[in-house]
Amino acid sequence: MDSTDLVGLDLQVPCRLFNKGNSVAFKEIKTLEDSLYGAGIEEESRRSFASQVQARAIHPLESHFSQDKVIPLGVETAFAASFVERFGAGTEAAVKAFLDEIRNGCRLAEAKKDCFVDSPVAREMGTLYPFIQGAMSWITDVPEFASRVADAGGLPTIALGLMDAETLDRRLGCLPEIMGGRPYAVNVVSLAENPFRETHLTWIKKQRPRFVVIAGGDLSPIRELIERGIEVMYIAPDEALLRLALEAGVRYVVCEGYEAGGHVGQHSTLTLAQMVLDLKRDQPSLFQNCRVILAGGIFNRATAFMAAMLGADAIQMGTAYLATQEIVETDALTALYQRMILKSPPWGTVVS
Ligand SMILES: Cc1cc2nc3c(=O)[nH]c(=O)nc-3n(C[C@H](O)[C@H](O)[C@H](O)COP(=O)(O)O)c2cc1C
């Protein structure tokens, strides 16, 4: 999965290319993107970028996978080896085995139909459903909204965003009282760029919420939080960090794809879920004590069911909560913001 990389996102001409970290062609294309982006997203720059990628690309039959050639590749290449291992390399046998797997999947669907109603993970988290309301900076920092999410059976997450110590105390001082013993999570963006990271971690250690959701990749706070009895949920953007988190003793990993609001990672939710499924097949012991939470693009019955079929123990949703009446009633969101969302078409957002 880490052998391909996206370029052209900033220019809105995304291309996925083969790159094991040492591709000279990839670096050149990236530099080109940066220089064109600096000049603004003009139609001219986008066209020039696309034609230069095309000029460097090589036909697969002529490719020797040299470092100076661009090789367009889908991320599913990461699953090619496991496909061959499970289904064989011959087309006929592979198709038959593949169809058998689909039949098995359909049988599994029956067993999954109540998985979010009667859920061991929900019982473990102390909620009715295994639904986590994802942190949303500047929105889900209202204790009353958290309380309403808990009333509805979910696990609320408070986003600490960029609050300083004084604001934390003023806005969230009443949180334990309002939640009254019901579980909740607090989200910290664990990046060096977050100027309030240490303030947030100190506040969390004092407050001792039942769960902390760590976003931003940096794993360093995990051990101490676990030692203090705070359960860590870690947002794992790729396989390497997922492994490190599991080795550090994290029991809840959130695999969040680039469909997620407020997050533009390298991989889709579907790709991350397949990565976990492959890893689980290969090294089940790695996941022995761990719950997998999928996030990104989950917002209705079909997408929640897809997540269950992909092995999710729980799901995290963000955007869907923006459409709730409670989020406006508790002043976490303005009615205008919500109206804009409810009116927006599928192409109403762009990646920037
Ligand atoms: C407006 C907005 C702000 C967000 N802010 C944060 C944040 O501060 N920290 C974080 O870890 N995730 C943040 N997220 C991601 C959500 O917690 C959640 O994982 C994501 O929305 C799930 O995908 P979905 O929007 O497709 O349901 C944000 C999402 C949105 C829509």
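Begin with the whole chain in a cartoon view: its secondary structure comes to 15 helices and 10 strands, and, as this is a predicted model, every value along the tour is computed from it.

Keep the full chain selected and switch to the C-alpha trace, which spans about 65 × 55 × 40 Å along its principal axes. A compact globule of 352 residues would have a radius of gyration near 20 Å, and the chain, with 22 Å, therefore agrees with that expectation. If you colour by burial, 32% of the 352 residues count as buried; among the contacts with a separation of 6 or more, 53% are between residues 24 or more positions apart.

Next, select helix α6, residues 143-151, where P143, F145, A146, R148, V149 and A150 are buried. To see what covers these buried residues, add to the selection β3 (131-133), β4 (157-159), α7 (165-172), α8 (175-179) and α14 (325-329), which are included in that cover. Then step just past the end of α6 to G153, whose phi is positive, at about 100°.

Finally, select the ligand and the residues around it. Which residues of this shell are the closest to the ligand? They are G134, A260, G261, G262 and G318, out of 27 residues that surround the ligand. The elements to highlight here are β5 (185-189) and β10 (314-317), each of which gives two or more residues to the shell. Colouring the shell by residue class divides it into 13 nonpolar, 12 polar and 2 charged residues.

Key:
Residues numbered from 1 in each chain as written. Predicted model: local features only at pLDDT ≥ 70, side-chain atom pairs only at ≥ 80, totals over all residues. Near = placed C-beta within 6 Å. Helix = DSSP H or I, 4+ residues; strand = E, 2+ residues; numbered from the N terminus. Nonpolar A, V, L, I, M, F, W, Y, C, P; charged D, E, K, R; others polar. Rg over C-alpha atoms; globule rule 2.2 N^0.38 Å. Buried ≥ 20, exposed ≤ 12 C-beta atoms within 10 Å, placed from the backbone. Contact = placed C-beta atoms within 7 Å.
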